[in-house]
Amino acid sequence: MAADPAGPGTGELGGDHVTERTRRQRPRSSQTVSLDDVARLAGVSTMTVSRVLNNRGSVSGQTRDRVVDAAEQLNYRPNLAAQALSSGRSRTIGVVTMEGAVDGPTSALAGIEQGARALGYSVTMSILPELTPASIADAVDYLQMRSVAGIVVNAPHVGLDDSLVTALSTPMVAMEGIEGHTPVVAVDQHRGAELATTHLIELGHRRICHIAGPQDRLEAVERNLGWRDTLAATDLEPAAMLVGDWSPASGYELAREAIRDQDVTAIFVANDLMAIGALRALHEAGAAVPARVSVVGFDDIAEAGFLTPALTTVHYDFYELGRRTFQQLLTEVASTESGDGGGGSQGRREKIMMEPALVIRESTARVPRAGRRR
């Protein structure tokens, strides 16, 4: 990521994220790919492809997705100079995010960048040391001054809303969440926690502890609620809810605390990094996983399947989250330019939820007989 001399904490996203399918289907030179090629692969007219790529006219979301997919597969590259001259519109989108995003969040940003680059957009980042209403407003102002076509805000913090930026004319979409009217593309965190907790209940666990993420983060709050609501639906009392900071170190310390309750036979951990620390603590304490304590994580990071024992966890596709966020931003841009009043700042609250899935591995098992309680 190259530094942007025009402002602190900004940069251009680069890199080539190539799937095997895309590699097979790409022509040797992107110059050989035409609108007709994209139209044939997408099964639409050349006019429809033009509307999607130039964000003009009314096109259904499903059709727009097919065109974007086809453009990505064929590595289509529009003539940006000609488009800028003819339309006077920027081919840049802005992304506001927090400093220190790792692993999953980084993959989501890669999904935005890949989708954008496939349609000839560049991406300008505004990376903030902390997310506050004032810092977000400043970042959005900065990106507007650069005449970006649209803005993605990744600010899933409790209490942050779009009230300081809803008067802007630039279309905006929130990835994972922000309070207010801005359209949101997010993973159903509550559902993920339901899947994890239900799995443990079905294995016979009745005393289930939760190592939660920071409660100023929307994802952590929703995962906590999912745990509590699932227990309540089966008339089970929650064991301790212990708040960590997403790090392995906090998972380690809190797991040691959790097993002081001898009746606890399972721990639902709000992310895989804390679950890694929890597994180490349980091993050192002689609380075998899963013979004594079952553990479920959340995120399904790349290392989850290679731990000892391999971690049962809630999976969602970070890359696809970023990709869908970019596609929703394109819809907002097209709606605004067509005069349909699109964009969350105009009062409409679009919310696209992605479904998570439970990946069952070795860290969960039926509750030990001596630990079974009604």
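**Salt bridges, helices and a pocket**

Analyst: Let's start in helix 12: Arg 323 and Glu 320 both sit there, 3 residues apart, or about one turn of the helix. Helices here are DSSP runs of H or I with at least four residues, strands are E runs of at least two, and both are numbered from the N terminus. This is a predicted model, where local features need pLDDT of at least 70 and side-chain atom pairs count only at pLDDT 80 or more, while totals for chains, interfaces and linings use all residues. Residues are numbered from 1 along each chain as its sequence is written, and side-chain values use heavy atoms, leaving out hydrogens and water.

User: What makes Arg 323 and Glu 320 a salt bridge?

Analyst: The rule asks for a side-chain nitrogen of Lys or Arg within 4 Å of a carboxyl oxygen of Asp or Glu. For Arg 323 and Glu 320 the closest N and O atoms are 3.4 Å apart, so the pair passes. In general, side chains of opposite charge can pair when their charged atoms come close.

User: How do you know that Arg 324 also forms a salt bridge with Glu 320?

Analyst: Same test: the closest N and O atoms are 3.1 Å apart, so this one passes too. Arg 324 and Glu 320 are 4 residues apart in helix 12, which puts about one helical turn between them. As background, an α-helix has 3.6 residues a turn, so residues three or four places apart point the same way.

User: And what does Asp 69 form with Arg 323?

Analyst: Another salt bridge, with the closest N and O atoms 1.6 Å apart. This pair links distant parts of the chain, since Asp 69 is in helix 4 and Arg 323 in helix 12 (residues 318-337), 254 residues apart. Zooming out, Asp 69, Glu 72, Glu 320, Arg 323 and Arg 324 are linked in a network of salt bridges. By this rule the count comes to 13 salt bridges.

User: Why is Arg 323 called buried or exposed?

Analyst: Buried means under 20% relative accessible area, exposed means over 50%, and partly exposed is in between (1.4 Å probe, protein chains only). Arg 323 has 11%, so it counts as buried. Asp 69, at 26%, counts as partly exposed, and Arg 324, at 34%, is partly exposed as well. Glu 320 is buried.

User: How do you know that the span of helix 4 agrees with what it should be?

Analyst: The expected span is 1.5 Å times one less than the number of residues. Helix 4 (residues 61-74) has 14 residues, so it should span 20 Å, and its end C-alpha atoms are 20 Å apart, which agrees. Just after helix 4 comes Asn 75, with a positive phi near 60 degrees.

User: What makes helix 8 largely enclosed?

Analyst: 10 of its 14 residues are buried, so the rest of the structure largely encloses helix 8. Among them are His 190, Leu 195 and Ile 201. Helix 8 is followed by Gly 204, whose phi is positive, near 100 degrees.

User: What makes the second largest pocket a pocket?

Analyst: On a 1 Å grid over the protein atoms alone, a pocket is an open set of points with protein on both sides within 12 Å along at least five of seven lines. Its lining residues have an atom within 4 Å of a point. About 250 Å³ of space lies in this one, where volume is the space filled by probe spheres set on points joined across faces, edges and corners. There are 17 lining residues, and those closest to the centre are Glu 176, Gly 177, Leu 218, Glu 222 and Lys 351. Helix 9 gives the most, with 4 residues.

User: How do you know that strand 7 and strand 13 pair?

Analyst: Two strands pair if DSSP finds at least two bridges between them. Strand 7 and strand 13 have 4, in the parallel sense, so they qualify. One bridge partner in strand 13 is Lys 351, opposite Val 184. Strand 6 (residues 172-175) and strand 7 also pair in the parallel sense, over 2 bridges. Both faces of strand 7 are covered, with Val 184 and Ala 186 buried on one side and Val 185 and Val 187 on the other.

How values were computed
On a 1 Å grid over the protein atoms alone, a cavity is a set of points where a 1.4 Å probe fits but cannot get out, and a pocket is an open set with protein on both sides within 12 Å along at least five of seven lines; lining residues have an atom within 4 Å of a point.
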